[in-house]
Amino acid sequence: MNKREGEGWSRRNVEAAQERDVHANPSSAVIAAFKVFQQELDSRHDKYERLVKISRDITIESKRAIFLLHRVTNVPNAEGVLNEAEGKLDGVRQKIGQIAEELRGEDIYQFHRAFTPGIQEYVEAVSFLHYIRHRSLVSLEEINARLVFMNTENSDPKGSAEAPPSGARVLTFQVTPADYLLGVADLTGELMRLCIGSVGNGDIDTPFQLSQFLRQIHDGFSYIGNTGPYEVSKKLHTLRQSLGKVEDACYTLRVRGSEIPKHMLADVFCSRTTHMDTEEGVV
Amino acid sequence: MSVTEMFSYIQGFLSADQDVREDIRKVVQNLEQTAREILTLLQSVHQPSGFKEIPSKCAKARELFSNVRTQMAELKTKFPVEQYYRFHEHWRFVLQRLAFLAAFVVYLENETLVTREEVAQILGIEVVREKGFHLDVEDFLAGVLIMASELSRLAVNSVTARDYSRPLRISNFINELDSGFRLLNLKNDPLRKRYDGLKYDVKKIEEVVYDVSIRGLAKDPKSGGDK
């Protein structure tokens, strides 16, 4: 009896509460304050969602650029592919310009989680292209230097009014060192694929260059160790696997290269890598 | 720039970052200590004897908040102000606690909801981000929600201490707070999770009000009504 009474009472009370909501005195101080909070939170969430969307576009486009760059090993016109990839990355940079636009006057770390995957992918693509062109690691400054945007086309009057008068026209985007580091860690996976791919085409020199470069990166990551962010130590494990594969590939080339005619080498190598892949599945 | 140079540059950046975090952690520890002291002081309002001493307890708490202000001032010097959100998680917890304590003191004093400006003023920080170390709106709301569960406890204990009208006032206050929170579109984040607990506080207080009303213990039953 007591229970039923309680239920009936509480239901009635809920109705009363809802009624109160509807008739909530709009001039009450509490309601007025919460209306302000509502606006503030909504605009913050909207901005976050917009940034996530841009970041996803950046990720997709950067991935496409990377796929395109993998084709560089088996086409005669390498320069054409590289230029096409450069064109794609220009498009990505425009998207990063949109991020910079959204972040104008904001604390970039407040929304960092929204766009970090896209930026990492972009770093990966840019550094991959840079490696294929120059056989060296692109530096953080070089990446940041290209992320300077002139705010000429879609300059909304509201945005430019908010900007400080000193830098009204120029927008910059700074890749954080942590994002750079994680992007470079992803790069090693692409280099491993490039290495395996290039052997398939009978390219004997590239694997050795790549293994040396990967070793340098690996040493660099070991130097950083666990002082870096948490994700870095996670990626270090994958990096080690990639390095192992490339070193094994070089080993095979050295050992078998001395005794097998060149045109057969590719076959030997391919069978060995597939063997390695199945092994990895077990581990 | 060679690979090695690049990595040692990044390493330098990372260890500088760690030093900053270390410094922040030390100050935040002190802040947590002060917050615990204030909490202990305010907890005594739940004692039967504490109800008569609410004004003096609040005055004491306000004195302790001056320590908070000096510690906050110290915290501000530990990192560049435009990187607030980079280190936010270090002080998020304690800031929510302090927001709760400030809101609780203000409620005990004049039974109104504290404004964000007041909390910021009590803690010696800013309201808007552009002006420096500020109180994030989500942290403020989290603090208010902690206060709601504290008030549901207070409602129970005030009945025990024969203060039968207080639960009715708390009930009105919490209901207003609840309709305020219903205006917000919360994402599936920690704040939302905490907000989900608010209905239990509301229910608890309503039960207390119910018990008091049907027994005719409330001196003026009309004050618990819709007014």
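How much surface does chain B expose, and what share of it do carbon and sulfur atoms supply? Let us work through this and some further exercises on the predicted model above.

**Exercise 1. Describe the surface and charges of chain B.**

Step 1. Chain B exposes about 10,700 Å². Carbon and sulfur atoms supply 50% of that area.

Step 2. Turn to the charged side chains: chain B has 33 positive and 33 negative ones. The centres of these two sets lie 5 Å apart.

Step 3. For the overall dimensions, take the C-alpha trace, which spans about 85 × 35 × 25 Å along its principal axes.

**Exercise 2. Set out the secondary structure and burial of each chain.**

Step 1. Chain B contains eight helices and zero strands, so its pattern along the sequence is written α-α-α-α-α-α-α-α.

Step 2. Chain A has ten helices and two strands. From the N terminus on, its order is α-α-α-α-α-β-α-β-α-α-α-α.

Step 3. Now add burial, with under 20% relative accessible area as the cut-off. In chain A, 44% of the 283 residues are buried; in chain B, the share is 52% of 227 residues.

Step 4. Look at contacts between residues at least 6 apart in sequence. In chain A, 78% of them join residues at least 24 apart, and in chain B the figure is 77%.

Step 5. Finish with the surface of chain A, which comes to about 15,100 Å². Carbon and sulfur atoms account for 53% of it.

**Exercise 3. Check the length of helix H8 of chain B, then sort some of its residues by burial.**

Step 1. Helix H8 of chain B covers residues 198–214, which makes 17 residues.

Step 2. At 1.5 Å a residue, the expected span is 24 Å. The end C-alpha atoms are 24 Å apart, so expectation and model agree.

Step 3. The buried residues of H8(B) include Leu198(B), Asp201(B), Val202(B), Ile205(B), Val209(B) and Val212(B).

Step 4. How might such a spacing be read? An α-helix has 3.6 residues a turn, so residues three or four places apart point the same way.

Step 5. Contrast this with Tyr200(B), which is also found in helix H8 of chain B. Tyr200(B) is exposed, because its relative accessible area is 54%, and the cut-off is over 50%.

Step 6. The C-alpha atom of Tyr200(B) is separated by 9.9 Å from that of Ala148(B), 52 residues away along the chain.

Step 7. Just after H8(B) comes Gly216(B), with a positive phi of about 65°.

**Exercise 4. Find where Arg135(A) and Glu111(B) sit, and classify their backbone and exposure.**

Step 1. Arg135(A) is not a glycine, yet its phi is positive, at about 55°. Arg135(A) belongs to the loop between helix H4 (112–134) and helix H5 (140–145) of chain A.

Step 2. The relative accessible area of Arg135(A) is 37%, so this residue is partly exposed.

Step 3. Glu111(B), another residue other than glycine, has a positive phi near 55°. Its loop runs between helix H3 (88–110) and helix H4 (116–123) of chain B.

Step 4. With 25% relative accessibility, Glu111(B) counts as partly exposed.

**Exercise 5. Is Phe173(B) buried or exposed, and which residues does it touch?**

Step 1. Locate Phe173(B) in helix H6 (residues 166–182) of chain B.

Step 2. Its relative accessibility is 7%, so Phe173(B) counts as buried.

Step 3. Leaving out residues up to four places away in sequence, Phe173(B) touches Tyr107(B), Glu111(B), Thr112(B), Leu113(B), Met147(B) and Leu151(B). Glu111(B) is the loop residue of Exercise 4.

Step 4. For Val127(B), 46 residues from Phe173(B) along the chain, the C-alpha separation is 24 Å.

**Exercise 6. Place Lys47(A) and list its contacts.**

Step 1. Lys47(A) lies in helix H2 (residues 29–70) of chain A.

Step 2. Its relative accessible area is 13%, so Lys47(A) is buried.

Step 3. Beyond its neighbours within four places in sequence, Lys47(A) is in contact with Glu102(A), Glu106(A) and Phe111(A).

**Exercise 7. Why does Cys250(A) form no disulfide with Cys195(A)?**

Step 1. A search of the whole structure finds zero disulfides over all chains.

Step 2. The cysteine sulfur closest to that of Cys250(A) is in Cys195(A), 5.4 Å away, and therefore too far for a bond. The cut-off is within 2.5 Å.

Step 3. Cys250(A) is buried, at 8% relative accessible area. Cys58(B) is buried too, at 1%.

Definitions and conventions. Residues numbered from 1 in each chain as written. Chains lettered and ligands numbered in written order. Predicted model: local features only at pLDDT ≥ 70, side-chain atom pairs only at ≥ 80, totals over all residues. Heavy atoms only, no water. Helix = DSSP H or I, 4+ residues; strand = E, 2+ residues; numbered from the N terminus. Buried < 20%, exposed > 50% of the residue type's maximum accessible area, 1.4 Å probe, protein only. Contact = heavy atoms within 4.5 Å. Areas by Shrake-Rupley, 256 points an atom, 1.4 Å probe, with all protein chains shown as cover. Lys, Arg positive; Asp, Glu negative; His and termini not counted. Charge placed at Lys NZ, Arg CZ, Asp CG, Glu CD. Expected span 1.5 Å × (residues − 1).
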